[in-house]
Amino acid sequence: PAAIKALDAALVSDPNYLPAHVRLIDLYRQQKLYDKAEFHYRKALALHSTAYMAEINYGRSLQDQGQTDPAAAAYRRAIKADGGRAAGYLLLGRLLERKGNTSEALQQFRPRPAPVSPAAQRSMPAGQAQPQLQSRR
């Protein structure tokens, strides 16, 4: 595909271009070229040890191959890297649900407070740095 060629060309110019590696993980997953997806996953981690989307895309690649436990671990690493984004919780919850682990799956779908930026935390009065969940009625 043209996207793969374009991203490969970008990496010739800058082998440390993290977004290209992250996108290639998913593009190679879609082509079922899992070795190449893993290669770019490893490159992405070497550039940024907590690359959220690298973990998401690699987890999807592992799940496509039937490797559900390693996929779940990748989703958990994504959540640890950025717990304010929904994709990790959603993918982990769906995977756990398919494995029959309903109680743990449901935990992934529970509401969570939105993350508060460090700048916003500094401007909050002491003790209020943790946001409160709002009830939606």
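Here are four short exercises, each with a worked solution, on a predicted model.

**Exercise 1. Describe helix α1 and find out which of its residues are buried and which are exposed.**

Step 1: Start with the extent of the helix. α1 covers residues 2–13, which makes 12 residues. From its first C-alpha to its last it reaches 17 Å, close to the expected 16 Å.

Step 2: Look for the buried residues. In α1 these are Ile4, Leu7 and Leu11. They lie on the same side of α1, because they cover an arc of only 70° around the axis.

Step 3: Turn to the face pointing away from that buried side. Here you meet the exposed residues Ala2, Lys5, Val12 and Ser13.

Step 4: See what the buried residues pack against. Their partners are α2 (18–30) and α3 (34–47).

**Exercise 2. Find the aromatic pair and work out how its rings are arranged.**

Step 1: Search the whole structure; one aromatic pair turns up. Its members are Tyr41 and Tyr58, with 3.8 Å from centre to centre and 10° between the planes.

Step 2: Classify the pair. Planes under 30 degrees apart count as stacked, and Tyr41 and Tyr58 are indeed stacked.

Step 3: Place both rings in the chain. Tyr41 sits in helix α3 and Tyr58 in helix α4 (residues 52–64), so the pair links distant parts of the chain, 17 residues apart.

Step 4: Check the accessible area. Buried means under 20% relative accessible area. Tyr41 has 3% and Tyr58 has 8%, so each of the two is buried.

**Exercise 3. Explore the largest nonpolar core and name the helices that build it.**

Step 1: Take its size: the core has 29 residues. Those with the most contacts inside it are Leu24, Ile25, Ala54, Ile56, Tyr75 and Leu92.

Step 2: List the elements giving two or more residues: α1, α2, α3, α4, α5 (68–81) and α6 (86–98). Of these, α2 gives the most, with six residues.

Step 3: Zoom in on Ile25. Leaving aside neighbours within four places in sequence, Ile25 is in contact with Ala37, His40, Tyr41, Ala54, Asn57 and Tyr58.

Step 4: Add some background. In soluble globular proteins, nonpolar side chains tend to be buried together.

**Exercise 4. Decide whether His21 is buried or exposed, and list its contacts.**

Step 1: Locate the residue: His21 belongs to helix α2.

Step 2: Read its relative accessible area, which is 3%, so His21 is buried.

Step 3: Leave aside neighbours within four places in sequence. His21 is then in contact with Leu11, Pro15, His40, Lys43, Ala44 and Leu47.

Conventions: Residues numbered from 1 in each chain as written. Predicted model: local features only at pLDDT ≥ 70, side-chain atom pairs only at ≥ 80, totals over all residues. Heavy atoms only, no water. Helix = DSSP H or I, 4+ residues; strand = E, 2+ residues; numbered from the N terminus. Expected span 1.5 Å × (residues − 1). Buried < 20%, exposed > 50% of the residue type's maximum accessible area, 1.4 Å probe, protein only. Arc of directions from axis to C-beta. Contact = heavy atoms within 4.5 Å. Phe/Tyr/Trp six-rings, centres within 6.5 Å; stacked < 30°, edge-to-face > 60°. Core = buried A, V, L, I, M, F, W, Y, C linked by side-chain atoms within 4.5 Å.
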